[in-house]
Amino acid sequence: MPDKTRSLLPEQQQPGEDQSAFHRRRRPWDAMTHAGTEIKTCRSRVATALDTLRGQLSGPSAYPVPDSQRARVQEWEQKLSVILFELDTIDVDAWKAAIRDEIAYQPEQP
């Protein structure tokens with residue numbers, strides 16, 4: 001049986017809180033969580049593309065880069081390197097403390 005006395009995080013529904021009010025209050029948390037997930041996904045996909053290009057440029061491959069496209073693939077590799085560096089500088093969890101303060105449940109006073 002769940003412990004009802006445990007401390008709930010602000011992003012969780014609080015005892016006595018109306019369902020629609022909870023969802024309204026939680027929207028910033030949901031938006032930032034979704035954005036963080038998308039950043040992680042983007043980071044992973046860019047890293048995979050970069051690894052693929054680097055592998056094709058650096059040695060034998062089942063799908064070698066045609067000579068006519070080598071400069072283009074090198075350009076892509078450079079651009080993706082910059083993008084991946086920029087994505088790696090994003091701390092997708094740094095926002096949580098501030099949002100928790102902002103969305104803290106405030107029971108309505110009679």
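User: What makes the link between the side chains of Glu11 and Arg100 a polar contact?

Analyst: In this predicted model, a polar contact of 2.8 Å joins the two side chains, Glu11 and Arg100. The cut-off for such a pair of N or O atoms is 3.5 Å. The value 2.8 Å falls within 3.5 Å, so the name fits.

User: Why is Glu11 called buried?

Analyst: Its relative accessible area is 7%. Buried means under 20%, so Glu11 qualifies. Glu11 sits in the segment before H1. Leaving aside residues up to four places away in sequence, Glu11 touches Phe22, Arg26, Trp29, Arg100 and Ile103.

User: Why is Thr37 called partly exposed?

Analyst: Thr37 has a relative accessible area of 41%. Partly exposed covers values between 20% and 50%, so 41% earns that label. Thr37 is part of helix H1. Its C-alpha atom is 8.1 Å from that of Val92, and the two residues are 55 apart along the chain.

User: Why are H1 and H2 called roughly antiparallel?

Analyst: Look at the angle. The axes of H1 (residues 19-58) and H2 (residues 70-88) cross at roughly 150° and come within 9 Å. Angles over 145 degrees count as roughly antiparallel, so H1 is roughly antiparallel to H2. Their crossing is left-handed.

User: Which residues make the contact between H1 and H2?

Analyst: Among them are Ile39, Val46 and Leu50 of H1. From H2 come residues including Val73, Trp76 and Leu80. The contact residues divide into 14 nonpolar, two polar and five charged.

Key
Residues are numbered from 1 along each chain as its sequence is written. This is a predicted model: local features need pLDDT of at least 70, side-chain atom pairs count only at pLDDT 80 or more; totals for chains, interfaces and linings use all residues. Side-chain values use heavy atoms; hydrogens and water are left out. Axes are lines fitted to C-alpha atoms, for helices over the stretch in contact, and angles run from 0 to 180 degrees between N-to-C directions. Helices (H or I, at least four residues) and strands (E, at least two) are DSSP runs, numbered from the N terminus. Angles under 35 degrees count as roughly parallel, over 145 as roughly antiparallel, 65 to 115 as roughly perpendicular and the rest as oblique. A crossing is left-handed if the near helix is turned anticlockwise from the far one by less than a right angle, and right-handed if clockwise. Contact means heavy atoms within 4.5 Å. Ala, Val, Leu, Ile, Met, Phe, Trp, Tyr, Cys and Pro count as nonpolar, Asp, Glu, Lys and Arg as charged, and the others, Gly among them, as polar. Buried means under 20% relative accessible area, exposed over 50%, partly exposed in between (1.4 Å probe, protein chains only). A polar contact is a pair of N or O atoms within 3.5 Å; within protein, one must be able to donate a hydrogen and the other to accept it, and residues adjacent in sequence count only if both atoms are side-chain atoms.
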